[in-house]
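Me: I would like to go through this structure slowly, one question at a time, with the reasoning spelled out.

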Amino acid sequence: MKIYILSLGCAKNRVDSECLAGELRRCGHELVDDVSKADVGIINTCGFIRPAVEENIAEILDLEQLKLDGRLKKIGVVGCLVNRYGADLMKEVPSVDFWANSEDWGKVIEALGGRSRAGRCRAMLPSSSKFSRYLKVSEGCDNRCAYCAIPNIRGGLKSLPVDMVVNEAQQLVVEGARELCVVGQDLTAYGMDFGGRSKLVELLDALETSLPRDIWIRLLYLHPSCVTRKLLERVAAGRQVLPYLDIPVQHGDSRILHAMNRGISDEELLAVFTAARDIDPDFALRTTCMVGFPGEKKTHFDKMKDFVRKARFDRMGAFTFFPEEGTKAYEMAGQVSEAIKNKRLEELMAVQEEISLERQQLFIGRELDVLIERVERGDEFAEGRSFREAPEVDGLVEVRNINKGLSEGDIVKVRMTDAMPHDMVGEVVAE
């Protein structure tokens, strides 16, 4: 059968969708990039926060309508939303033909008349870039942040063995990957469930030893309380590991951090980023902040703005607090109004935009390696990313003065000529 998979949510979900795609292809099914070409439509859902839940339900109802119109034979819903609200959803949308929790791909295969086989198998989703792939090294989380429902949805930490991760990384490179983005709910906890200590550095050593020297390795999602100077030095000294870290701080005031159960003070938090820039001034640092957590007053918010100014992140994402069922913060006193949350979000992003531009301007005149992801022959320009830009969440480098032999997937030297808050412009350096 021809099957369309819609993957929603985070990069970790993308890996799950590729694992499902691999199982389906191994059973003889064909993957298509357009639901109009499909016999079966499957949504791999996200249930992290309320807006994601609402978006996912809307997509399920769209699939349901396609089935009612006779344009799909079957529809399936899998993933985090099923983990969290499966029983209720089954009552609300009875026309769905099959449901499956995260990673329970055997149930999907059986619903489509096949038999599940042993062994992990991945297949790239249609229309995805083969040059940048996600490498998920763990599932679940043992941190109990007061606002987060992930432990309830995905359970506790479950790390994949180092050799399994390395084997999968090698396979992705064989398939054309030039960049591997290592993801987990908290990479600093990788391997803690094996022996009580992090094995992240051991994993990095194994990846660098086993992969070609020109493969980029990018680390995403590290809990700041476990980011040590030793880890920062290992990343900065890496042969293939990029000097880029995504470290969500969530806030910059100790009282709010304590209420969030983040396990770190604002001074300790700032020390992490100060150490990174002390080790390498060019260290690319990305973070995520939350505004409007219960009990957040103007003084706490002002402290967060000051923290952002001191830390000087290259990139920052921010969002307003949503009270999630099953979390400690759900019924906390001191809920902040939506109007105040939205105003604070706008203020915080304005502060960061100035900092982002200043950080970008530091690289004007510098030469950086850029992974080319799109080439426009007619206009003679290309788009790509340097070590400073993670896929999908950060900006791009627009490359001018390209040579005729330049292709997607090439890594070329580019001299930066102009900077905006999110994107940069550069020219290929003549060999």
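Me: How many bridges join strand β14 to strand β17?
Reply: This is a predicted model, in which local features need pLDDT of at least 70 and side-chain atom pairs count only at pLDDT 80 or more, whereas totals for chains, interfaces and linings use all residues. Residues are numbered from 1 along each chain as its sequence is written, and side-chain values use heavy atoms, with hydrogens and water left out. Strands (E, at least two residues) and helices (H or I, at least four) are DSSP runs numbered from the N terminus, and two strands pair if DSSP finds at least two bridges between them. Strand β14 covers residues 367-376 and strand β17 residues 411-419, and they run antiparallel, joined by bridges that number five.

Me: Which residue of β17 stands opposite Val370?
Reply: β14 and β17 are antiparallel. Opposite Val370, in β17, stands Val412.

Me: Through how many residues does a hairpin join β17 to β18?
Reply: β17 also pairs with β18 (residues 424-428) in the antiparallel sense, over five bridges, and Asp418 has Val425 in β18 as its bridge partner. The hairpin joins β17 to β18 through a number of residues equal to four.

Me: Why is helix α1 largely enclosed by the rest of the structure?
Reply: Buried means under 20% relative accessible area, exposed over 50%, and partly exposed in between, with a 1.4 Å probe and protein chains only. Helix α1 is largely enclosed because, of its 16 residues, the number buried is 13.

Me: Is Glu233 buried or partly exposed?
Reply: Glu233 lies in helix α9, residues 229-236. Its relative accessible area is 38%, so Glu233 is partly exposed.
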